[in-house]
2 protein chains.
Amino acid sequence: MLWVKAMKKVQMKERQQYLEKHSISELFSFPIEEYIEVHEYRRDEWIIREGMRPDYLYYVIEGKAKIYMTYQNGKVSLINFINARDYIGEMELLNEVYYTKGIQASTKTVCFAIPLHQCGKQMLEDIIFLRELTKFLSVKATQMAAKYSQSLAFPLENRLADFILQTADGDIYREKHVTVCDFLGVSYRHLLHVLAKLCEKGYLHKAGRQYRIEDRERLEQLAGVSRNGEEALIYRVIRNE
Amino acid sequence: MLWVKAMKKVQMKERQQYLEKHSISELFSFPIEEYIEVHEYRRDEWIIREGMRPDYLYYVIEGKAKIYMTYQNGKVSLINFINARDYIGEMELLNEVYYTKGIQASTKTVCFAIPLHQCGKQMLEDIIFLRELTKFLSVKATQMAAKYSQSLAFPLENRLADFILQTADGDIYREKHVTVCDFLGVSYRHLLHVLAKLCEKGYLHKAGRQYRIEDRERLEQLAGVSRNGEEALIYRVIRNE
DNA sequence: TCTAAAATATGAGATTTCTCATATTATTTT
DNA sequence: AAAATAATATGAGAAATCTCATATTTTAGA
């Protein structure tokens, strides 16, 4: 595999615009803006390579990404998703010993990148930052627990609908089936079967090796069912924040 | 239902012994020990009632507990487990708006209880404490994500074995089937079917309405299979800490 | 460019798990 | 103590999902 380093560092006026539009200065007690770089990644680009400690703490302001990890047996698993307003690299900032997972943009993704060598120490001593990060993590942990305990309850059709919406780039869905099976815990055979069903129903249209979302509303409906519990929870956790 | 308030506040010498055996003073930058109460709960006792903000931040030093929550439709769900060295009530400490879940001891459980009205503000301004809590939450969030993404892959037999080991009080397992179905996301019918299978195999013995663990090793083996991914992950995250 | 490996596809029988129907105990309430 | 409610049980057919076998198409690497 050939990897061209293609992350774009956004400069000047454009950088300034991002900083103004998504101000995060209230998340720190020291003037962070001057240190912040704005990084832009294209679809499929790696934001962090597995096993390599990152040099930045990232804060996602636009886009979506996926967390991958390779198991002892060589199998690569999709572990979770990252969305706007999530942190990337906080595990490495907090834990000296931590096996870094790979993170790959699944759409164009823009991040604030805070250089660790300049700000790392300061961040770990910044009460406001730590308090915010702790809140973020507490909500995330709770969500995951809820999602875990609830999601087992629904058949693949619902979970897959949710997955498609989460991973689609606009209206185009094109994940590797093998990866998806792994993440959703179903067999390859069954995944194809259910995908075919979604096409039959007219929610998706298969074009070559990618799928186009034809009826987003219905998909959301399907996905919604399987997210009910989680939503109720998040609603209660998040509201008024 | 009749609920006698029965939590025991451990005093004097016994309190002192707990404090010495499980010192947590290194988790704070101020002298916390003098404020700490030691609370002891019996099996099935509620440590926190759903919807009631707790007056303490708890740190579990012995025992196991379960987190429950009631959904809009009145259904009560087991959300997750709590073990020794976990915090209870950190969500309430961190988030002003948070719907408090119910927490029930599933074996005799001993906690350090740190009174919020005395220490809450101080804790939220304590760098060391916040940093530790953030680490704890980051690991927990990661574990949950891994567990979620992996555990779907195994049939009930494996997940149930894990569940039984997690919830058993000594060798006695006696969860309500309805609750378990809900947590594990399977039908009542199927749960009984698999429980019967475990009995047939001689791993469990059914005595009235409770089950005795007859072959812990085999159960652990079954559970281990379904926990492989997670374990690998935790190993990498936790080792050397 | 050719070849090997990876990814996609599809069929068919076997397992797992679900739904529904219906009894039989506990437990709680009146 | 009787009645109502919740929890436990069991059977049987249906749906979801898995395993295995095998074929075709892409993709990566020599």
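# Protein chains A and B with DNA strands C and D

Helix 7 of chain B gives the largest share of the surface near DNA strand D, three residues. On the surface near DNA strand C, the largest share is again three residues, and it comes from helix 7 of chain A. The model is predicted. The points below cover the two DNA strands, the nonpolar cores and a set of paired strands in chain A.

**Around DNA strand D**

- DNA strand D is surrounded by 17 residues. The closest are Ser187(A) and His190(A) from chain A, with Tyr188(B), Arg189(B) and Lys206(B) from chain B.
- Of the atoms of DNA strand D that come within 4 Å of the protein, 59% are sugar and phosphate.
- Two residues of chain A approach phosphate oxygens of DNA strand D. Ser187(A) places a polar backbone atom 2.6 Å from one. His190(A) has a polar side-chain atom 2.7 Å from a phosphate oxygen.
- Arg189(B) reaches a base instead: a polar atom of its side chain is 2.9 Å from a base nitrogen of DNA strand D.
- Three elements give two or more residues each to this surface: helix 7 (188-200) of chain A, and helix 6 (177-184) and helix 7 (188-200) of chain B.
- By class, the surface near DNA strand D holds seven nonpolar, six charged and four polar residues.

**Around DNA strand C**

- DNA strand C has 15 residues around it. Tyr188(A), Arg189(A), Lys206(A), Ser187(B) and His190(B) are the closest.
- Sugar or phosphate makes up 54% of the DNA strand C atoms within 4 Å of the protein, and bases make up the rest.
- His177(A) has a polar backbone atom 3.3 Å from a phosphate oxygen of DNA strand C. From chain B, a polar side-chain atom of His190(B) lies 2.6 Å from a phosphate oxygen.
- The side chain of Arg189(A) has an N or O atom 2.9 Å from a base nitrogen of DNA strand C.
- At least two residues of this surface come from each of helix 6 (177-184) of chain A, helix 7 of chain A and helix 7 of chain B.
- Six nonpolar, five charged and four polar residues form the surface near DNA strand C.

**Nonpolar cores**

- The largest nonpolar core has 58 residues. Met123(A) and Met123(B) touch the most other members.
- Beyond its neighbours within four places in sequence, Met123(B) is in contact with Phe28(B), Phe30(B), Leu57(B), Leu93(B), Ile114(B), Leu116(B), Phe129(B) and Leu130(B).
- A second core, separate from this one, has 38 residues. Among them are Ile47(A), Ile82(A), Ile47(B) and Ile103(B).

**Paired strands in chain A**

- Strand 12 (residues 210-213) of chain A pairs antiparallel with strand 10 (residues 172-173) of chain A, over two bridges. Here Tyr211(A) of strand 12 stands opposite Tyr173(A).
- Strand 12 of chain A also runs antiparallel to strand 11 (residues 204-207) of chain A, and four bridges join them. In this pairing Tyr211(A) stands opposite Lys206(A). Lys206(A) is also one of the residues closest to DNA strand C.
- Strands 11 and 12 of chain A form a hairpin with two residues between them. Gly208(A), in the turn, has a positive phi of about 65°.
- In a regular strand, side chains alternate between the two faces of the sheet. In strand 12 of chain A, Tyr211(A) and Ile213(A) lie on a covered face. Gln210(A) and Arg212(A) lie on the uncovered one.

How values were computed. Residues are numbered from 1 along each chain as its sequence is written. Chains are lettered from A and ligands numbered from 1 in the order in which they are written. This is a predicted model: local features need pLDDT of at least 70, side-chain atom pairs count only at pLDDT 80 or more; totals for chains, interfaces and linings use all residues. Side-chain values use heavy atoms; hydrogens and water are left out. A residue is near a molecule or strand if one of its heavy atoms lies within 4 Å of it. A polar contact is a pair of N or O atoms within 3.5 Å; within protein, one must be able to donate a hydrogen and the other to accept it, and residues adjacent in sequence count only if both atoms are side-chain atoms. Ala, Val, Leu, Ile, Met, Phe, Trp, Tyr, Cys and Pro count as nonpolar, Asp, Glu, Lys and Arg as charged, and the others, Gly among them, as polar. A nonpolar core is a set of buried Ala, Val, Leu, Ile, Met, Phe, Trp, Tyr and Cys residues joined through side-chain atoms within 4.5 Å. Buried means under 20% relative accessible area, exposed over 50%, partly exposed in between (1.4 Å probe, protein chains only). Contact means heavy atoms within 4.5 Å. Two strands pair if DSSP finds at least two bridges between them.
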